[in-house]
Amino acid sequence: MIAVAESVKKSGAQFLRGGAFKPRTSPYSFQGLHADGIKLLLEAKKVTGLPIVTEIMSELHIDLFSDVDVIQVGARNMQNFQLLKELGHSKKPILLKRGLANTIEELLMSAEYIMSGGNSNIILCERGIRTFENMTRNTLDISAVPVLKRISHLPIIIDPSHATGKTYLVEPLVKAAIAAGADGVMIETHNDPKNALCDGAQSLDLDQFAQVMATVKKRVAFEGKALS
Ligand code: PEP
Ligand code: MN
């Protein structure tokens, strides 16, 4: 974890995101390291200074997140209203991912649940929606970026990794995210993707991440934006 954190920081990453609680489709798949996973993220934060982002699956775990910088609500929990209400009472920034089969309006209503509790620090994330297309894991709804920019003041980032499930599609969709006006991207990276316990097929290795970040920097400079 520390090796990955040091490398991505060198390439320009501004946050370190990793799942300690993992919402897996099968109960027999790797479920994450739970509290021990959060400890690993905090170790990497101590060494690199990178703020950490990690997913919460239940309001019962909220105490474990006291040192986490940004709490992620994953696609499968976008409409876990009890969880959203509890996060409304938190002061931490919330990264709210769009559900697999949810509309943009439903995403904004979920953000409202958090806001109505008093927490307006919300970052939205478009991570692909389920369509009939099966060449990609999901279908990235790139138009969600300008739509959300028009009707909401909240920042919106793109997750090209879960959107496509394929390493080779990450860079093109990062370029699309910049062109569409996204405020950021989150990219899955692994020091050894072939042996990753989860999502290896969509994870960049550290050199590929460095390469994508070099492209990002060039594009952002070209467009005169501050995407990170
Ligand atoms: C994740 O971000 O680790 C994740 C599980 O993604 P999603 O909730 O978008 O499926
Ligand atoms: Mn993943």
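## Helix packing and a manganese site

Helix H3 (residues 81-88) and helix H4 (residues 104-116) cross at roughly 45 degrees, their axes coming within 6 Å. This is a predicted model, where local features need pLDDT of at least 70, side-chain atom pairs count only at pLDDT 80 or more, and totals for chains, interfaces and linings use all residues. Residues are numbered from 1 along each chain as its sequence is written, chains are lettered from A and ligands numbered from 1 in the order written, and side-chain values use heavy atoms, with hydrogens and water left out.

H3 and H4 are therefore oblique to each other: angles under 35 degrees count as roughly parallel, over 145 as roughly antiparallel, 65 to 115 as roughly perpendicular and the rest as oblique. Here's who touches whom, with contact meaning heavy atoms within 4.5 Å.

| Pair | Axes and angle | Contact residues |
|---|---|---|
| H3 with H4 | within 6 Å, roughly 45 degrees | Phe81, Leu84, Lys85, Leu87, Gly88 of H3; Ser110, Tyr113, Ile114 of H4 |
| H1 (residues 2-11) with H2 (residues 35-48) | 9 Å apart, about 45 degrees | Ile2, Ala5, Glu6, Lys9 of H1; Glu43, Ala44, Val47, Thr48 of H2 |

H1 and H2 are therefore oblique too.

Now the metal. His162 (NE2), Glu188 (OE) and Asp199 (OD) are the protein donors of the manganese ion (ligand 2), lying 2.1 to 2.3 Å from it; donors are N, O and S atoms within 2.8 Å of the metal (3.2 Å for Na, K and Ca), and water is not among the atoms, so sites may look incomplete. Their sequence spacing reads H-x25-E-x10-D. Histidine 162 and aspartate 199 are both buried (under 20% relative accessible area with a 1.4 Å probe, protein chains only).

Technical notes
Buried means under 20% relative accessible area, exposed over 50%, partly exposed in between (1.4 Å probe, protein chains only). Axes are lines fitted to C-alpha atoms, for helices over the stretch in contact, and angles run from 0 to 180 degrees between N-to-C directions. Helices (H or I, at least four residues) and strands (E, at least two) are DSSP runs, numbered from the N terminus.
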